[in-house]
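Subject: Structure handover

Hello,

Here is the structure we talked about. Please open it first, then read my notes below.

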Amino acid sequence: MVTVIIFILLFIKVGTGLNNDSLLSLVQFLLLLNFLGGFFFNKQGILFDGMFHTNALVAFQKNILSLGTYLISLLCAGWLKKSEHLPEFFMLILSAVLGMFFMISSGNLLMFFLSLELATMPIAALANFDIDKKTSSEAAMKMILSSAFSSGILLFGISLVYGTTGTISFSELPQYLNGSSLQILAFVFLFTAFAFKLSVVPFHLWTADVYEGSPIAVTAFLSVISKGSIAFIFISALYKVFQPFHEVWYHMLMILAIATMIIGNLFAIRQQNIKRFLAFSSIAQVGFILVGMSSNSEAGTTSVVYFVLIYVFSNLAAFGVAAAISSQTGKETINDYTGLYQTNPFLSWVLALALFSLAGVPPTAGFFGKMFLLVAGASKGNYWFITIAALNMIISLFYYLKIVKAIFMEKNDHPIEKIKTDRSVNFALIMCTVGIILIGVLTKIYDYIQSLN
C-alpha cells in the first residue's frame, strides 16, 4: 500500500498536479487507509528463502509506524501547505517508511542493509528540504557524512560475520556463533551501527544539529518513526540472532544505557531551541529503551513495543505544538513559550500533557511505559542499574516541568499571539492527547502486544 501511494504521488507530480490543499487532503486520506488496512489481510510466513518474514507482532510494529506517519501529515499541515514540493516530501518520507517496513521484516543481513539504506537516504534529502536555509543544508551534510561512516562500519561488521560463519541468514547465524574474538569484534561493529541510528551515547553527536536544522516535520519523523523502527529491528536482532552473545551485549547495553540517560538529561537541561531540547530528550528516552532491551525476555520486547507506541503520541504532541507555533511565528526558542497559556490555552494543555508523559508522570501513558521498561530491566536482579534509571527519571522532571512552569506560571508582556490551527492539526493534537491519557488507563494494550510476541 505504501508503494501504491508513492506511485500515485508520482503520477500526480508528472501530470496536471493538484493544489496543496487538495493534495494534502488526498495524502492524509491515503495514509489513513494505509494505517487501517494494516490490521487486515496479514499473513504469517517467510518469502524469498528467508529474506523476508512477517508475523502478527511485525505487522503491529509496522502499524505503529504508519500511525506516526499519518499523525505527522496532520500535525504539520500548516507547514506542508506552504511547501512548493509537497508531492516530493511525501514520496521521500514514504520511501523511508517502505525501507523501515522491509528492515523490520528482514531475514538476513543483506536484506537488512539494503532496507536500512532505503530508509536512510530519503531522510538525508528530507533534512535539506528547506533549501533556502543554510542550517538545513548543514543538517543534511552532517546526516550524509555520519550515515556514510555508520554504513561503512556496518558493512565491515557484516563482512566479518560472513567470513567467520559462512552465512548471513538470521535463522542460521546463532548456531555458528562460537564467541571467537573476531566474531565479538564483528558484533561490536554491528552494535555500533545500531547505536548510531538510535542516537546512543557516544554515537549521538549528529542528532541535535540534524534535528535543529531540519524542518519540524522531518525532525518529528526522525525522532519518532526512525527511532521506533531501529528499536524494533535492534531488539529482534539481539534476542534472536545474537542470543549466544547475551553476556557480551547485556553489559554493553547496561553501560550505554546509563551513559545515554545521563548525557541526554544533562544536555537537555541547557538547551534553548525547542528542537534541540526534544533531540536530547529523545536521546534520554533511548536510554530507557535500552534498559528494557537488557532483560532478554518477552517482557523486554513487549515493553519496548508498548513504549514506542506511547512515544509516538507523546513526542508527536510536543512536536505538533512546536510545528504550529513555528509555521506561523517562526519562533523556536523555549523562552518564547513563556506565558503561552495567556493566548493559547489549548496548545498549552496539549504541550503540558505531552511533557508530563515524556517525563513519566502518573497517570499519563509515559509513566506506564517507563514502568514496564524498568520492570523488564529489573528481571536480571541488577537493582543498582534500575536505581540509576529511576534517578534519571527524577532528573528529567526538572527540565520538563521547567517548561510547564514557564507556560502556565510566568507572565509575559508579549506572549506568542493566538495561533490559528487547521482542523486536521486540532484533530491530530486531540488524538495524541487522548492516546496519552487512555493508553495510560487501558494497559490492556500491553497484554495484547504480549500475546502477539
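A cavity is a set of grid points where a 1.4 Å probe fits but cannot get out. Keep in mind that this is a predicted model. With that term in hand, here are the findings.

Cavities first. The structure holds four of them at 30 Å³ or more. The largest has a volume of about 110 Å³. Its lining is made of 15 residues, and those closest to the centre are Thr120, Ile123, Met143, Lys197 and Ser226. Five helices are listed as giving two or more residues to this lining: α5 (86–104), α6 (109–127), α7 (134–165), α9 (181–198) and α11 (216–241). By class, the lining has 10 nonpolar, four polar and one charged residues.

Now the second largest cavity. Its volume is about 60 Å³. The residues lining it include Ser223, Val224, Lys227 and Gly228. Further along the chain, Ser282, Gln285, Val286 and Ile289 line it too. Phe307, Val308 and Tyr311 complete the lining. The elements that give two or more residues here are α11, α13 (274–293) and α14. The class count is six nonpolar, four polar and one charged.

Next, the core. The largest nonpolar core has 169 residues. Phe90, Phe277 and Met293 have the most contacts inside it. Helix α14 (residues 298–329) gives this core its largest share, 19 residues.

What does Met293 touch, not counting residues up to four places away in sequence? The list is Ala231, Phe234, Ile235, Leu238, Tyr239, Trp249, Leu253 and Val304.

One loop residue also deserves a look. Phe129 lies in the loop between α6 and α7. Is Phe129 buried or exposed? Phe129 is buried, because its relative accessible area is 14% and the cut-off for buried is under 20%. Leaving aside neighbours within four places in sequence, Phe129 is in contact with Trp79, Ser83, His85, Glu88, Phe89 and Leu92. Ser136 and Pro215 are also in contact with Phe129. Gly213 is 84 residues from Phe129 in sequence, yet their C-alpha atoms are 9.9 Å apart in space.

For a quick tour, start at Met293 in the core. Then go to Lys197, one of the residues closest to the centre of the largest cavity. Finish at Phe129 in its loop.

Best wishes

Note on methods:
Residues numbered from 1 in each chain as written. Predicted model: local features only at pLDDT ≥ 70, side-chain atom pairs only at ≥ 80, totals over all residues. Heavy atoms only, no water. Core = buried A, V, L, I, M, F, W, Y, C linked by side-chain atoms within 4.5 Å. Buried < 20%, exposed > 50% of the residue type's maximum accessible area, 1.4 Å probe, protein only. Helix = DSSP H or I, 4+ residues; strand = E, 2+ residues; numbered from the N terminus. Contact = heavy atoms within 4.5 Å. 1 Å grid on protein atoms, 1.4 Å probe; cavity = no way out; pocket = protein on both sides within 12 Å on 5 of 7 lines; lining within 4 Å. Points joined across faces, edges and corners; volume = space filled by probe spheres on them. Nonpolar A, V, L, I, M, F, W, Y, C, P; charged D, E, K, R; others polar.
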